Amino acid sequence: MAEYDRERVGRLFDDIADADTSTMQEVALYDGNIPRIAAQMALERLELSTGDVLLDVGTGTGDTAIAAAHNCRSVIGIDISMKSLERARMKAEQKGIHNLVFAYGAFEDPCAGVKLASYGITKILAVYSLHHLPDPLKKQSLVTLAGLLRRPGRMVIGDIMFFEEPHGHSEAFDEVGYDGGETDFPARAGHLMEWLEQTGARVHVEQVHPLVGVVTADYRQ
Ligand SMILES: C[S@@+](CC[C@H](N)C(=O)[O-])C[C@H]1O[C@@H](n2cnc3c(N)ncnc32)[C@H](O)[C@@H]1O
């Protein structure tokens, strides 16, 4: 079993960003594949309104953050891949979207490159990013993120998460975007639910696939 190595994951996504020559015009955000369905559902579960300030953790090359920016006051996208962030900034520029900030930041250290406390974050999103962390770091990061969120607030996670034993679904690994444990360390859906409840949230879990789901955590006033 491989071990978590944040620098290695950052380099992996730097390389993917380098190879990404798509533009927003070419990318269909919701083209029916399972990761895209999870992203779409997560975006919908945010129920964004014009007053919302969204933090997108593991924003990648920014497609989900850019889609969200149309429906809220502002978006802060953080990621550990500098090349992905560069690409995200370029896409936002090309689209003429200016209520977006992209900055370095990790689940484990979200404020590393941006003073998040000054933004008044009302919603948090993590699409296909949290699964890169091992469980103890996931749990710790969820506590940190919950602490950055205003009340009332909402956190939504759309990601690989296990509702069933993964070895029974090995033929679906590619389809759901799971690398079998090389750099992906998905949690059990029940554990994510439990950890979020421990941060004081009311939690709702939806299964997209036996290996993929969307978790919505609500924090009351
Ligand atoms: C599969 S991409 C998802 C991108 C984006 N959320 C989307 O919906 O298109 C996963 C992203 O998570 C980022 N990531 C991985 N580990 C991270 C960490 N510890 N903190 C922040 N981002 C991380 C990667 O750099 C990568 O950009």
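Here is a short talk about the ligand site and the confidence of this predicted model.

Trainee: What makes the backbone of Gly58 a polar contact of the ligand?

Mentor: A backbone N or O atom of Gly58 lies 2.7 Å from a ligand nitrogen atom. The cut-off for N or O pairs is 3.5 Å, so this pair counts as a polar contact. Val127, at 2.8 Å, and Phe107, at 3.0 Å, also place a backbone N or O atom by a nitrogen atom of the ligand. The protein covers 89% of the 600 Å² of accessible area that the ligand has on its own.

Trainee: Where does the ligand sit, and which residues come nearest?

Mentor: The ligand sits in the largest pocket. Of the 19 residues around the ligand, Gly58, Thr64, Asp79, Glu108 and Val127 come nearest. By class, this shell holds nine nonpolar, eight polar and two charged residues.

Trainee: What is the mean pLDDT of the chain?

Mentor: The mean is 94, and 94% of the residues reach 70 or more. Over residues 24-30, though, the pLDDT is below 50. This stretch has 19 contacts in the model beyond near neighbours in sequence.

Trainee: Why be careful with such a stretch?

Mentor: Where pLDDT is low, predicted coordinates should not be read in detail.

Key. Residues numbered from 1 in each chain as written. Predicted model: local features only at pLDDT ≥ 70, side-chain atom pairs only at ≥ 80, totals over all residues. Heavy atoms only, no water. Near = heavy atom within 4 Å. Polar contact = N/O pair within 3.5 Å; in protein donor to acceptor, adjacent residues only side chain to side chain. Areas by Shrake-Rupley, 256 points an atom, 1.4 Å probe, with all protein chains shown as cover. 1 Å grid on protein atoms, 1.4 Å probe; cavity = no way out; pocket = protein on both sides within 12 Å on 5 of 7 lines; lining within 4 Å. Sits in = over half its atoms within 2 Å of the grid points. Nonpolar A, V, L, I, M, F, W, Y, C, P; charged D, E, K, R; others polar. pLDDT = per-residue confidence, 0-100. Contact = heavy atoms within 4.5 Å.
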